[in-house]
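Reader: Hello! I am new to this structure and would love a close look at a single part of it, with some help on how that part sits among its surroundings.

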Amino acid sequence: MDANYKISRSSLHVEVTDRLREMIYERSLPPGERIDELGLSARLGTSRTPLREALKVLAHEGLVRLVPGRGAFVIELSASEAESLFPVLGLLQSRCAAEAVRRQTPEDIAALDTLLASLENAVTGNRLADYYRAVDGFHERLQAMAANPWLTRSITDLGRFLQMVRTLMPLPENRLRQSMAEYRTLMKAIHRGDADAAEQIVYLQAMAQQRAWRMLQQQAQETAAAQEAAAQSADAAASMPASSAGTTSSTTIAAEAPSPSQPAGTAHANPQGNASTPVYQEASTHSGIYATGARPAQPAVQQTRNEVASLDA
């Protein structure tokens, strides 16, 4: 979004709020940053009054923190806070899916089929923004079908924080394909009118997202540790005296040279195997996530869970 685009004079309060919300989602207003009211109002072509009104709305939504005497700051989500979001949102969305299926009409099913086709096109083209747009549209339709205002309100509130997490969570292609398989299986349950199966599938989708988040966090930690180790090695090498460096180099060359009894071509073999960069490997979508017994599978949906699990293979 172009932050320099001038806002029209109509509905200033709403437009400024929407613009700032999008800027937070897109991280053009980064987490933890103090919002420059004067500079931002100039960029948006508004006075500071509607901007301040918008900041109050965003503070109520939890996206902005107002500090007396210091101004407004974009909130920061810790890794643990982001991780704990997925199961809570999954509980709400899964309940919504169950209620939607119990109230669905043929027109609702046709609309969901159309949204599923959009989702599949986005996955096929590996277009992440279109994928998220289709996912949001699919769940918004389920919310409309469920017609439960409390579920809609709760999901909408938590969905704002999910939007912030998404910008930190680039999905690998295999996770997109797996997600597509999950939505196909969900649609089968919807066509059958199986509310219990739909509820289980949506919850399992949220747990798969949580595992993907954990993997990304682990990879980021491993990358940071490797970079720190490399930097320390470079610093140590730079501070080593020239004579010591020469001796070390000679020793290293001598150590790497094959002995007369050593076969040619084995001088650099590593008996412990070569280290490799961590590769994203998504776990089976439906294995082991109920170890705590929080949500045991119902017999009525075991066939559906097995069907989804077979799609991961």
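Reader: Which residue just after α1 takes a positive phi?

Author: Happy to walk you through this. Please keep in mind that the model is predicted. The residue you are after is Arg27, which has a positive phi of about 70° just after α1.

Let us start with the helix that comes before Arg27. Helix α1 covers residues 12-25, 14 residues in total, and at 1.5 Å a residue it should span 20 Å. Its end C-alpha atoms are 20 Å apart, so the expected span and the model agree.

Next, look at the side of α1 that is hidden. The buried residues of α1 are Leu12, Val16, Thr17, Arg19, Leu20, Arg21, Met23, Ile24 and Tyr25. An α-helix makes a turn every 3.6 residues, so residues three or four places apart point the same way. You can look for that spacing in the list of buried residues. As for what they pack against, the partners are α2 (37-44), α3 (48-61), β1 (64-67), β2 (71-74) and α7 (149-166).

One of these partners, α3, deserves a longer stop. The axes of α1 and α3 are 8 Å apart and meet at an angle of about 55°. The two helices are therefore oblique to each other, and α1 passes α3 in a right-handed crossing. On the α1 side, the contact is made by Leu12, His13, Val16, Thr17, Leu20, Arg21 and Ile24. Facing them from α3 are Pro50, Leu51, Glu53, Ala54, Leu55, Val57, Leu58 and Glu61. Sorted by class, this contact of α1 with α3 has 10 nonpolar, two polar and three charged residues.

Now back to the backbone angle you asked about. Asn126 also has a positive phi, near 55°, and is a residue other than glycine. Asn126 sits in the loop between α5 (106-124) and α6. With a relative accessible area of 44%, Asn126 is partly exposed, because that value falls between the 20% limit for buried and the 50% limit for exposed. Ala147 is a further case: its phi is positive, about 55°, although Ala147 is not a glycine. Ala147 belongs to the loop between α6 and α7, and its relative accessibility of 47% makes it partly exposed too.

Both of those loops border α6, so let us look at how that helix packs. Helix α6 (residues 128-146) meets helix α4 (residues 79-103) at an angle of about 60°, with their axes 7 Å apart. That makes α4 and α6 oblique to each other, and their crossing is left-handed. From α4, the contact uses Gln93, Cys96, Ala97, Glu99, Ala100 and Arg103, while α6 brings His139, Leu142, Gln143, Met145 and Ala146. By class, six nonpolar, three polar and two charged residues make up the contact of α4 with α6.

Two names from that contact turn up again around Asp108, a residue in helix α5. Asp108 is buried, with a relative accessible area of 11%. Setting aside neighbours within four places in sequence, Asp108 is in contact with Arg103, Arg141 and Met145.

Finally, α5 has a partner in helix α8 (residues 173-192): their axes are 10 Å apart, at an angle of about 165°. That makes α5 roughly antiparallel to α8, and the crossing of α5 and α8 is left-handed.

Conventions
Residues numbered from 1 in each chain as written. Predicted model: local features only at pLDDT ≥ 70, side-chain atom pairs only at ≥ 80, totals over all residues. Heavy atoms only, no water. Axes fitted to C-alpha atoms, helices over the stretch in contact; angles between N-to-C directions. Helix = DSSP H or I, 4+ residues; strand = E, 2+ residues; numbered from the N terminus. Parallel < 35°, antiparallel > 145°, perpendicular 65-115°, else oblique. Left-handed = near helix turned anticlockwise from the far one by under 90°. Contact = heavy atoms within 4.5 Å. Nonpolar A, V, L, I, M, F, W, Y, C, P; charged D, E, K, R; others polar. Expected span 1.5 Å × (residues − 1). Buried < 20%, exposed > 50% of the residue type's maximum accessible area, 1.4 Å probe, protein only.
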